[in-house]
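This report looks at selected charged residues and then at the build of one chain. Please keep the sequence and the coordinates at hand while reading.

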Amino acid sequence: MSDLNKLGLAEARDALRKGDTTSVELTEACLKAIDGADALNAFVHKTPEIALERAKAADERIKAGDAPSMCGLPVGIKDLFCTKGVDSQAASNILKGFKPEYESTVSQKLLDAGSVMLGKLNMDEFAMGSSNETSAYGDAVSPWRREGEDTQLTPGGSSGGSASAVAADLCLAATGTDTGGSIRQPAAFTGTVGIKPTYGRCSRWGIVAFASSLDQAGPMTKSVRDAAIMLEAMAGHDPKDSTSADLAVPDFEAMLTGDIKGKKIGIPKEYRMEGMPAEIEKLWADGTAMLKDAGAEIVDISLPHTKYALPAYYVIAPAEASSNLARYDGVRYGHRATLAQGDGITEMYEKTRAEGFGHEVQRRVMVGTYVLSAGFYDAYYNRARRVRTLIKKDFEDVFATGVDAILTPATPSAAFGLGEMTDADPVQMYLNDVFTVTVNLAGLPGISVPAGLDAQGLPLGLQLIGRPWEEGDLLNTAYALEQAAGFVAKPGKWW
Amino acid sequence: MRVSMSIDQSTAAKVAKLARIKVEEDALPALADEFNTILGFIEQLNEVDVDGVEPMTSVTPQRLKRREDVVNDGNQQDKVLANAPDAREGFFAVPKVVE
């Protein structure tokens, strides 16, 4: 078989089980693709020895007839996941050289499911960003380009390396994490599938924390079927994360029938933003028509507090970040600043954090510190948490009317050029997450499905939002949308 | 409750101090500007009627799991110290704290 790295998880799994290829062959094809793609800056720590060792072990298991769900399938792991003995620095200089003595629950589950780790993937520093431009490793680059141009485009963020690697076929799939849209926005920008499951579906243990009440891990894949396979392997209760749900994980792949007859799909009027590009408007209308043609009932719905989701997020997420990132003090791990004669412990903290954190991380930590400080806690933080309650209630009210899923655009535009937003104020960059952030605030599952190309040949995605814990049903609706949209475009290789 | 939204340089300096991040004097005006842009954006929240609405504490209605109150970890001093920038004689070493 040729071009093994271009396979998806399901195809590769089936080929392995039929004996048409081996995990070692698959892994070698990916390692070769990775070595030829340094221009994308997607893989920032390569682990070929670990990969080949695990591939050989997987081939033994397959031969012995003991192959778990992802046995022998090569994947990339976002740098936010702690991986035992392998650099895990959340794309931050403050964790430079950090090699965890433990494995995150999600990456351990993927390992137990037989998958093969190829290396660690680029991302925005501490997952704070929407373009992968805040990374200490430098920008990850999208394999996509506008027709007839060679402008370097963002793969989105924060899971930019994951999106770039999957879109460029450097791996069969990758892990991502999503606090405000960090799986779904990069998936939409790169023509890949990304699902953020219900809050609590995947353990957060061993994933470097950004905003603990919003963070969730999820898969980034080449198809909805692959997302179902990988999410099942990643999900499940973990006693080490008290917010992880003690609920059975269904066989998501078995739920992909493509039959959505009679399903009620809501179209929220508040997502029709002023100044929305005509192409996004059309994509949304086309997606609505596709679901209707597949037998779904389309209903107009209202989510009245949508407008306040981003401002609430930009209180809650920085507040939690300022608390979570207090641990980077130059004492227990990572970077410590060189101190001057007479410097005490306070100077050590202040210099270490000034040197170790990038600009965006510093800004968010300080905004979080401010909104939590005496005198402002109630006016900012408590108010934002009250608004969050209302945002969640908007969704509950809609689901109570029998709506099964909600269809929205995934992003307000196609991918932009790296550096194009440099001069914009931070709020302009935050607007990237306008359609995705509500889902984190409400703890719901959301999936981005590639649905079309813009006039310049760049991918656009649609988002489906599901009921809590009903990822299986959501994946099935996404599967029906995927079938109808028939998105097959791939980026032309220039790297 | 309405709050004053404008952050001046001395407030920016105070916030940086609270966050334990060293910010040079000449970087304070730009930092204060950025804070004001972000806080101006956040100010929209004042339009929402939140009377009688509980602040969210948990997005899923589950009660947090409790574990048995037993020792289930320990005896891994080497692993705990393995990534420390300065570990000596089984301890994390820091600059003098007590005068």
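In this predicted model, Asp226(A) is buried and yet has no salt bridge, the nearest side chain of opposite charge being that of Arg225(A), 6.5 Å away. With a salt bridge requiring a side-chain nitrogen of Lys or Arg within 4 Å of a carboxyl oxygen of Asp or Glu, Asp226(A) is left without such a partner. Asp226(A) belongs to helix H7 of chain A, which covers residues 224-234. If neighbours within four places in sequence are left aside, the residues in contact with Asp226(A) are Gly8(A), Leu9(A), Ala10(A) and Thr221(A).

Arg225(A), the nearest side chain of opposite charge to Asp226(A), does take part in salt bridges: bridges that share partners join Arg225(A) with Arg13(A), Asp14(A) and Glu253(A) into one network.

Further along chain A, Lys240(A) is placed in the loop between H7 and strand E7, the latter comprising residues 264-268. Which residues are in contact with Lys240(A), once neighbours within four places in sequence are left aside? They are Thr105(A) and Trp205(A). In addition, the C-alpha atoms of Lys240(A) and Gly206(A) are 9.3 Å apart in space, although 34 residues separate the two in sequence.

Over all chains, a search of the whole structure finds 33 salt bridges, and three pairs from chain A are set out below.

| Acidic residue | Basic residue | N to O distance |
|---|---|---|
| Asp35(A) | Lys46(A) | 3.0 Å |
| Asp178(A) | Arg184(A) | 2.8 Å |
| Asp343(A) | Lys351(A) | 2.6 Å |

The pair formed by Asp35(A) and Lys46(A) joins two elements of chain A: Asp35(A) lies in helix H2 (residues 23-35) and Lys46(A) in strand E1 (residues 43-46), so the salt bridge ties together parts that are eleven residues apart in sequence. Lys46(A) has a relative accessibility of 35% and therefore counts as partly exposed.

Are the partners in the bridge between Asp178(A) and Arg184(A) buried or exposed? Asp178(A) counts as buried because its relative accessibility is 0%, and Arg184(A) is likewise buried, with a relative accessible area of 0%. Asp343(A), which meets Lys351(A) in a salt bridge, also counts as buried, with a relative accessibility of 19%; the cut-off for this class is under 20%.

Turning to chain B, the secondary structure consists of three helices and two strands, which follow one another along the sequence in the pattern α-α-α-β-β. The radius of gyration of chain B is 22 Å, whereas the globule rule gives 13 Å for 99 residues, so chain B is more spread out than a compact globule. The C-alpha trace of chain B spans about 55 × 45 × 25 Å along its principal axes.

Of the 99 residues in chain B, 32% are buried. Among contacts in chain B between residues at least 6 apart in sequence, 36% join residues that are at least 24 apart.

As for its surface, chain B exposes about 7,100 Å², of which carbon and sulfur atoms supply 48%. The charged side chains of chain B comprise 12 positive and 18 negative ones, and the centres of these two sets lie 8 Å apart.

Notes: Residues numbered from 1 in each chain as written. Chains lettered and ligands numbered in written order. Predicted model: local features only at pLDDT ≥ 70, side-chain atom pairs only at ≥ 80, totals over all residues. Heavy atoms only, no water. Helix = DSSP H or I, 4+ residues; strand = E, 2+ residues; numbered from the N terminus. Rg over C-alpha atoms; globule rule 2.2 N^0.38 Å. Buried < 20%, exposed > 50% of the residue type's maximum accessible area, 1.4 Å probe, protein only. Contact = heavy atoms within 4.5 Å. Areas by Shrake-Rupley, 256 points an atom, 1.4 Å probe, with all protein chains shown as cover. Lys, Arg positive; Asp, Glu negative; His and termini not counted. Charge placed at Lys NZ, Arg CZ, Asp CG, Glu CD.
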